[in-house]
Amino acid sequence: MEPNSNERIARIAAHIHPPNIKEHASSSLTSFNCRAKGGSPGFKVAILGSSGGIGQPLSMLMKMNPLVSVLHLYDVVNTPGVTSDISHMDTSAVIRGFLGQKQLEDALTGMDLVIIPAGIPRKPGMTRDDLFNINAGIVKTLCEAIAKSCPKAIVNLISNPVNSTVPIAAEVFKRAGTYDPKKLLGVTMLDVVRANTFVAEVLGLDPRDVDVPVVGGHAGITILPLLSQVKPPSSFTPKEIEYLTDRIQNGGTEVVEAKAGAGSATLSMAYAAVKFADACLRALKGESGIIECAYVASQVTELPFFASKVRLGRDGVEEFLPLGPLSDYERESLEKAKKELATSVEKGISFTRQ
């Protein structure tokens with residue numbers, strides 16, 4: 001049989017006969033055979049929490065990304081159904097599902113990028129900090145597995161409260177001896193996406209033509225849009241600045257209340273997460289000049305973690321961009337943000353010491 005025929009058969013088999021994903025099934029997955037024969041050239045991506053409100057649309061959108069060759073979906077429930085559903089999409093990424101704690105390490109073996117939306121969502125009246133006790137434990141467990149199975153992967157952390165969960169992840173990696181601050185990125189892209197959208201509405205522009213830097217953190221007043229640095233250059237009245245800043249800071253609450261107990265910002269978060277993941281993959285591929293906002297171990301302020309513009313490269317964060325000139329309103333808001341952010345960082349670090 002000719003080589004081309006063999007390749008075709010292998011490619012078809014990879015899709016028709018995925019690994020057994022029953023909870024107690026043993027898996028022989030290794031970094032050697034992680035990529036399916038016939039898979040498209042690209043990167044191996046794992047989504048931890050793939051069956052949730054963010055995880056499902058995130059998984060679907062990542063299956064559509066041409067830079068993804070292998071997509072691993074992990075969760076503690078419902079992974080078989082989500083995997084089967086998404087596997088029918090006629091895109092080139094090979095998809096595999098993993099169910100339950102016993103298959104977590106297999107889900108992570110050989111991954112280039114790990115995206116973590118796992119955790120419980122906000123409900124009406126809840127703040128991101130109300131989620132802390134549950135989501136902190138989930139993030140700790142997942143990061144322990146990452147440290148063991150794919151310590152060199154870039155990690156995109158979505159689980160709230162990001163201001164605290166990123167420091168938790170950092171401490172876990174430090175204890176495992178695998179911590180690389182350049183590769184641990186808290187995803188604050190949704191704040192940027194909202195800022196671009198809301199500012200575009202006020203200016204009467206296409207949101208795709210607007211760029212608003214958002215710095216600080218990813219909760220309440222720690223979210224600071226730098227409206228003085230909007231591109232294209234624009235001026236706002238004091239009333240517009242207050243309106244836009246408040247709406248960007250409370251965009252998540254706006255969705256939670258609108259859904260009236262039916263969920264939180266899952267679809268827009270999935271969109272933002274994929275936008276950020278795509279930037280990371282393009283940087284891994286070697287594309288230059290990729291600048292995004294992210295919550296990272298930072299040198300921009302005196303705080304150990306801070307969200308600001310960074311330049312991404314093959315090894316994660318390659319450069320921290322300065323904050324640039326701030327307005328009086330932004331300087332005052334930044335000081336308030338830093339006080340609250342410092343408390344959130346310490347809360348995360350303290351959790352790992354318990």
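Start by selecting Ala46 and His72: in strand β2, His72 is the bridge partner of Ala46. Before moving on, note that this is a predicted model, where local features need pLDDT of at least 70 and side-chain atom pairs count only at pLDDT 80 or more, while totals for chains, interfaces and linings use all residues. Residues are numbered from 1 along each chain as its sequence is written, and side-chain values use heavy atoms, with hydrogens and water left out.

**Stop 1: strand β1 and its partners**

Now show residues 43-48, which make up β1. Helices (H or I, at least four residues) and strands (E, at least two) are DSSP runs, numbered from the N terminus. β1 pairs with β2 (residues 68-75) in the parallel sense, over 6 bridges; two strands pair if DSSP finds at least two bridges between them. To get from β1 to β2, follow the chain through helix α2 (residues 55-63), a β-α-β crossover that is right-handed. That label means that, with the strands pointing away from the viewer, the path from the first strand over the helix to the second runs clockwise.

Add β4 (residues 113-116), which also pairs with β1 in the parallel sense, here over 3 bridges. Click Ile47 and you'll find Ile115 of β4 opposite.

Are the residues of β1 buried or exposed? In β1, 6 of its 6 residues are buried, where buried means under 20% relative accessible area, exposed over 50%, and partly exposed in between (1.4 Å probe, protein chains only). Turn on the side chains: Phe43, Val45 and Ile47 point one way, and Lys44, Ala46 and Leu48 the other.

**Stop 2: rings**

The structure holds 2 aromatic pairs. Rings of Phe, Tyr and Trp (its six-membered ring) pair if their centres lie within 6.5 Å; planes under 30 degrees apart count as stacked, over 60 as edge-to-face and the rest as tilted.

Select Phe132 and Phe351: their edge-to-face pair has centres 5.6 Å apart and 85 degrees between the planes. Phe132 sits in helix α5 (residues 132-149) and Phe351 in helix α11 (residues 328-351), so zoom out to see how the pair links parts of the chain 219 residues apart. Both Phe132 and Phe351 are buried.

Next, pick Tyr295 and Phe305, a tilted pair with centres 6.2 Å apart and planes at 35 degrees. Tyr295 belongs to strand β9 (residues 290-297) and Phe305 to strand β10 (residues 305-313). Tyr295 is buried at 0% relative accessibility, and Phe305 is buried at 6%.

Go back to Phe132 and add Lys347, whose charged end sits over the ring, 4.7 Å from its centre. A charge sits over a ring if NZ of Lys or CZ of Arg is within 6 Å of the ring centre and within 35 degrees of the ring normal. Arg247 likewise lies over the face of Phe198, at 3.8 Å from the ring centre.

**Stop 3: salt bridges**

How many salt bridges does the structure hold? There are 17, each a side-chain nitrogen of Lys or Arg within 4 Å of a carboxyl oxygen of Asp or Glu.

Try Lys338 and Glu302 (3.2 Å, N to O). Lys338 is in α11 and Glu302 in the loop between β9 and β10, so the bridge ties together parts 36 residues apart in sequence. Lys338 is buried at 11% relative accessibility, whereas Glu302 is exposed at 60%.

Finish with Glu332 and Lys336, whose closest N and O atoms are 3.8 Å apart. They are 4 residues apart in α11, about one helical turn.
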